[in-house]
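Reader: I would like to learn how to read a structural model feature by feature. Please give the general idea each time, then the case at hand.

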Amino acid sequence: DILDKEEGRKFLAALFQLSPQITRDLHQVLRRDLLDYKRRSIWECIGEVYFRAYLAADGQVALALEDIVQSYMEMAVKLVDEPKFARLLCVLDAFHAGASDHKKVMAMLCHGYGPVLFRALDYPNDHCRRNALRIFSRAFPIRDPEHTRPEASKRVEEQFSKLLSFLHDKNAAIRADAVEGVCGALQQHWTLLGSSLAIPAL
């Protein structure tokens with residue numbers, strides 16, 4: 001399979017950059033197949049392809065890829081099928097993992113999740129709210145690289161407070177996911193959160 005080899009993934013990522021129309025056509029093929037693949041490693045490889053393509057893209061191709069990633073964000077929030085949700089989360093995780101090293105990716109996640117994720121965190125529907133929380137926990141913190149240091153600190157504090165609020169959700173599964181999300185945030189971002197936020201959470 002072309003996705004199993006690094007050269008194959010590089011080749012697909014390069015194809016994405018040929019034109020916006022080719023970008024959209026390839027996306028339709030990958031999206032159709034993505035939801036049928038059952039091997040986690042394949043989902044991770046597809047995420048890598050999108051990530052590589054976006055890092056190298058500019059202009060209209062970059063905009064097309066941003067639209068594609070946002071469509072995955074929206075789809076993941078609403079998915080009821082747990083295996084398919086896990087597959088989409090693998091794709092999005094490629095961008096979550098790369099955000100801290102690439103301001104371009106950080107900005108894309110901030111702008112993409114802005115109209116999608118934060119609204120979904122307040123949905124009355126338990127399933128959508130739980131999906132949103134699980135995505136939020138993986139993406140945390142969602143930052144705008146253009147923010148000043150005080151603005152960035154305020155945003156991190158607001159987002160961590162939102163994460164903590166789910167510890168008191170009426171849904172037991174959501175509360176359990178919130179425990180995992182808070183622990184993950186403390187483990188990975190203790191320095192960023194600072195003792196004033198981290199210690200009271202314990």
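Author: Begin with one side chain. Lys170 has a relative accessibility of 63% and so counts as exposed. Keep in mind that this is a predicted model.

Reader: Which residue forms a salt bridge with Lys170?

Author: The general idea comes before the case. Side chains of opposite charge can pair when their charged atoms come close. Here the partner of Lys170 is Asp126, with 2.9 Å between the closest N and O atoms. Asp126 sits in helix H8, while Lys170 is in the loop between helix H9 (149-165) and H10, so the pair ties together parts 44 residues apart in sequence. Asp126 is partly exposed, at a relative accessible area of 26%.

Reader: How many salt bridges does a search of the whole structure find?

Author: The search finds 11. One of them joins the side chains of Asp93 and Arg138, at 2.3 Å from N to O. That pair links distant parts of the chain, with Asp93 in helix H5 and Arg138 in helix H8, 45 residues apart.

Reader: Is Asp93 buried or exposed?

Author: Asp93 has 17% relative accessibility, and buried means under 20%, so Asp93 counts as buried. Arg138 is partly exposed, with a relative accessible area of 40%.

Reader: What does a salt bridge within one helix look like?

Author: An α-helix has 3.6 residues a turn, so residues three or four places apart point the same way. In this model, Lys10 and Glu6 both lie in helix H1, four residues apart, which is about one turn of the helix. They form a salt bridge whose closest N and O atoms are 3.7 Å apart. Both are partly exposed: Lys10 has a relative accessible area of 45%, and Glu6 has 38%.

Reader: Which residues are joined with Lys10 into one network by salt bridges that share partners?

Author: The network consists of Glu6, Arg9, Lys10, Glu48 and Arg52.

Reader: Which residues of helix H1 are buried?

Author: In helix H1 (residues 6-16), the buried residues are Gly8, Arg9, Leu12, Ala13 and Phe16. Viewed down the axis of H1, they fall within an arc of 135 degrees, so they line one face of the helix.

Reader: How should I read aromatic pairs?

Author: A pair of aromatic rings is described by the distance of the centres and the angle of the planes. The count in this model is seven aromatic pairs. For Tyr50 and Tyr72, the ring centres are 5.5 Å apart and the planes stand at 80 degrees, so the pair is edge-to-face. Tyr50 belongs to helix H3 (residues 40-56) and Tyr72 to helix H4 (residues 59-78), so the pair ties together parts 22 residues apart in sequence. Tyr50 and Tyr72 are both buried. Elsewhere, ring pairs link Phe118, Phe136, Phe140 and Phe160 into a cluster.

Reader: That leaves pockets. What is the volume of the largest pocket, and how many residues line it?

Author: Rolling a probe the size of a water molecule over the atoms shows where empty space is left. The largest pocket has a volume of about 550 Å³ and is lined by 26 residues. Nearest its centre lie Ser137, Arg138, Ala139, Phe140 and Gln188. By class, the lining has 13 nonpolar, seven polar and six charged residues.

Reader: Which helix gives the largest share of that lining?

Author: H10 does, with seven residues. Helices H5 (82-98), H6 (103-113), H8 (126-139) and H10 (172-193) each supply at least two residues of the lining.

Note on methods: Residues numbered from 1 in each chain as written. Predicted model: local features only at pLDDT ≥ 70, side-chain atom pairs only at ≥ 80, totals over all residues. Heavy atoms only, no water. 1 Å grid on protein atoms, 1.4 Å probe; cavity = no way out; pocket = protein on both sides within 12 Å on 5 of 7 lines; lining within 4 Å. Points joined across faces, edges and corners; volume = space filled by probe spheres on them. Nonpolar A, V, L, I, M, F, W, Y, C, P; charged D, E, K, R; others polar. Buried < 20%, exposed > 50% of the residue type's maximum accessible area, 1.4 Å probe, protein only. Arc of directions from axis to C-beta. Salt bridge = Lys/Arg side-chain N within 4 Å of Asp/Glu carboxyl O. Phe/Tyr/Trp six-rings, centres within 6.5 Å; stacked < 30°, edge-to-face > 60°.
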